[in-house]
Amino acid sequence: MPFFVEVILPIALPQTFTYRVSEAEFQYLKPGMRIAVPFGKSKFYTGLVAQLHHNQPALYEAKEIHQIIDEKPIVTETQLKHWQWIASYYMCTIGEVFRSALPSALMLESETVISATREYFIEEATLSDDEYLIMEALRQQSSLKIQDVIAILNKKNVLQVVQSLLAKKAVSLQEEMVEEYKPKLVRYIRLFPEFNTNDKLEELLLILKNAQKQKEVVLSYFQLQATERKPVSVKKLTDFSGTTSAVIKALIDKQVFEEYYVQEDRVSFADSEKDKVVLNEFQTKAFDEIEAVFTQKEVCLLHGVTASGKTEVYIKLIEDFLKEEKQILYLLPEIALTTQLVSRLTQYFGNKVAVFHSKYNNNERVEVWNQVLNRSDKAQIVIGARSALFLPFQDLSLIVIDEEHEATFKQTDPAPRYHARDAAIVLANFHQAKVLLGSATPSIETYFNAQNGKYGLVELHRRYGNAVLPEIQLVDLKDSYFRKRMNGHFSIFLIEAITEALSNGEQIILFQNRRGYSPIIECMTCGHVPQCPQCDVSLTYHKYKNQLRCHYCGYSMAKPNSCHACSSIDLTSKGFGTEQIELELNTLFPEKKIARMDQDTTRGKYAFEKLIDSFKNRETDILVGTQMLAKGLDFDNVSLVGILNADSMLYFPDFRAFERSYQMMTQVSGRAGRSDKKGRVIIQTYNPDHNTIQQVTNNDYLGMFKEQLYERKIYFYPPYFKLIKLTLKHKDFEKLKESSLWLYQVLQQQFDIPVLGPEEPPVGRIRNEYIRIILIKIPQEKSLTGIKKTIQRILNSFEAVSQFRAVKVAVNVDFY
């Protein structure tokens, strides 16, 4: 009987692949184990065992596997089921989910290794300079990787040289699997066993009588052992004794100390238990209601106003679920938020907390993965951004999704284009776990589900402690400019409010949802605006680096001194971003410390922490930022929040523009007055009578919900219709136009539901590729699975047409 294994490969092909194994391998392998398999001409890839069977593949000859990498599965069967669901629902391949889910250090790929075939025997005259350098290097070491050859020759393309040496039979090639994960080994020392008696210790001190520094190190070692009663690391001993590692090495050579290594985690938190959380009467009521909902429903929405103390309710709930000794996942939309939350949760739960997000390096992510897989005490509570959803949970009991309305929970590129909130609810269902969604401004779909009884709903309308909701004031920019009551981009009213807050020793947050200095540099003579050569957008001016930059493809150029079209030197900037606001504030308040939080200032691993800690410790007076500021950050000394231009969010070409604007403004406003002092929010706008701005001013979430729900119903948008967006890209404009029209016509003939397009998006070309969009609207009563299968069949036919094969098509289900 033949033995086969079905393998998932981390590539965007629609099928899994079958490989042949021996009977012993068949008995040993389990789903979720990694194996190295051949794919293509010579490469080996990391594959994941999906299932074992006895069925010979019909269309190809099954190859043998190369090697088994794991001793036990590193992916659980529940994970595999969840991945299959993501691939099916979001119309991508299981390989794409695998590639996105697994830390890249666990996905090994073979490397080409070059070695000399025999002793260096070839005539030097027959070798070129490059070939000679490689052969000389091979005399010094047994083998070279392709990367080493690139470094030696200082060339990007070295394959021609390697091919030439192969032809001369001077070298041979092999493929090797290289383990990328390197455990962290910490160097420790201990006394040789023979010095553990009192007599021997006196003898030791006599031996070191003339080596004063060595004697001091030995005495420091005894001191450390007596006070801490745990193994002594070399680093701790050098710091404590003020000596160098050379002195310790001398003691090791004399066989006074022996060294050994211990594997340690790169990220761990101190074990500190704080007093239990005490909830006020409103939080207690909400907590009891959530527990009651969980007896009947799997998902509950906690709708609590900003600063109502939702985090304390989460902590109390986590405390309860921890008693079951199961795992808990706490999802956040932004890495920025994990900074504050980790410090709060580690105060209560100490080293039971693990953190997982993309700012962690490969080794750190592998360690967290292994902690979760092995149900370590250090990973009972996992805090993370959307990628934490893919961790190998063994027995999940609770998922908390904070700020559930946030758009950053949706992955846009690359595939899988999943929504973490929706995928988390499905994951919880596989584990029979509960889900708590929390937000001050829930997404319309979630609130609609809560109103219809699909989810439970608990509301928290009072702020924590003595804090009251901030007073929101509107400034009419048209009127302020007309009356000349503006200073740069600040109304006199806002400047007076900032001055008053600063004089009271309070802090200020200013919000402008655009980074850079200015979005446009325009020639006043001919009207020319510098454009990105690769995208259909104007270049954004960054004054700090004195360059124009494209925020889509990263193209940059130095700021021109004259117009590229007419050579005029009369250039001016239009619009404003966070950088310009920061510079204006430095002019208005030169004595004060001003910081900026946007994508440009938070690129480093610990940049978020430094900015947030500096503001929390009151070292910064004014913090200017983009939407990063709007989410769940808690600063008790902020009394004033300023929104510099509310209109830029309102008039964005998106059916969610008004909902997103309401959420953004309400969340930013919620940063003010979170302690005893009443906060103020000043919103600058050209349109103070706009419905959405009035709803923010009156904190009228229900008014916004009802108005948006009515519009969604009449225009066929969620939650009444499901949306699938097809994005087509190609460098040839005419070919794209022809192919998108063909696809649209086939879809329209096939379905009796709304199919819109092919439309050009607001930015019609990115990275030299033109873009067209087709939108399919699916009513609730239609079979979503059946329609998706038909769409996939049409896309397969589309790819089969030879002239359309080069057109890229991306499918995005629930793209909003």
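**Exercise 1. Decide whether Tyr715 is buried or exposed.**

Solution. Start with the cut-offs: buried means under 20% relative accessible area, exposed over 50%, partly exposed in between (1.4 Å probe, protein chains only). Tyr715 has a relative accessible area of 51%, so Tyr715 is exposed. This is a predicted model, where local features need pLDDT of at least 70, side-chain atom pairs count only at pLDDT 80 or more, and totals for chains, interfaces and linings use all residues. Residues are numbered from 1 along each chain as its sequence is written, and side-chain values use heavy atoms, leaving out hydrogens and water.

Next, place the residue. Tyr715 sits in the loop between α24 (701-714) and β32 (721-730). Helices (H or I, at least four residues) and strands (E, at least two) are DSSP runs, numbered from the N terminus.

**Exercise 2. Find out how many disulfides the structure has.**

Solution. Apply the rule: a disulfide is a pair of cysteine sulfur atoms within 2.5 Å. A search of the whole structure gives zero. Take Cys523 as a test. Its nearest cysteine sulfur belongs to Cys566, 3.7 Å away, and Cys523 is in no disulfide. Now turn to Cys566. Its closest cysteine sulfur is in Cys526, at 3.6 Å, which is too far for a bond. Finally, compare cover. Cys523 is buried at 2% relative accessibility, whereas Cys566 is partly exposed at 34%.

**Exercise 3. Check the span of helix α2 (residues 77-89).**

Solution. The expected span is 1.5 Å times one less than the number of residues. Helix α2 has 13 residues, so 18 Å is expected. Its end C-alpha atoms are 18 Å apart, which agrees. Buried residues in α2 include Leu80, Trp83 and Ile86. After α2 comes Met91, with a positive phi near 55°.

**Exercise 4. Work out which parts the salt bridge of Asp814 and Lys722 ties together.**

Solution. A salt bridge is a side-chain nitrogen of Lys or Arg within 4 Å of a carboxyl oxygen of Asp or Glu. In this pair the closest N and O atoms are 3.6 Å apart. Asp814 lies in the segment after β36 (808-813) and Lys722 in strand β32, so the bridge ties together parts that are 92 residues apart in sequence. Asp814 is buried at 3%. Lys722 is partly exposed at 33%.

Then widen the view. The count comes to 30 salt bridges. Among them, Arg417 pairs with Asp413 at 2.8 Å. Glu445, Arg656, Glu659 and Arg712 are linked in a network.
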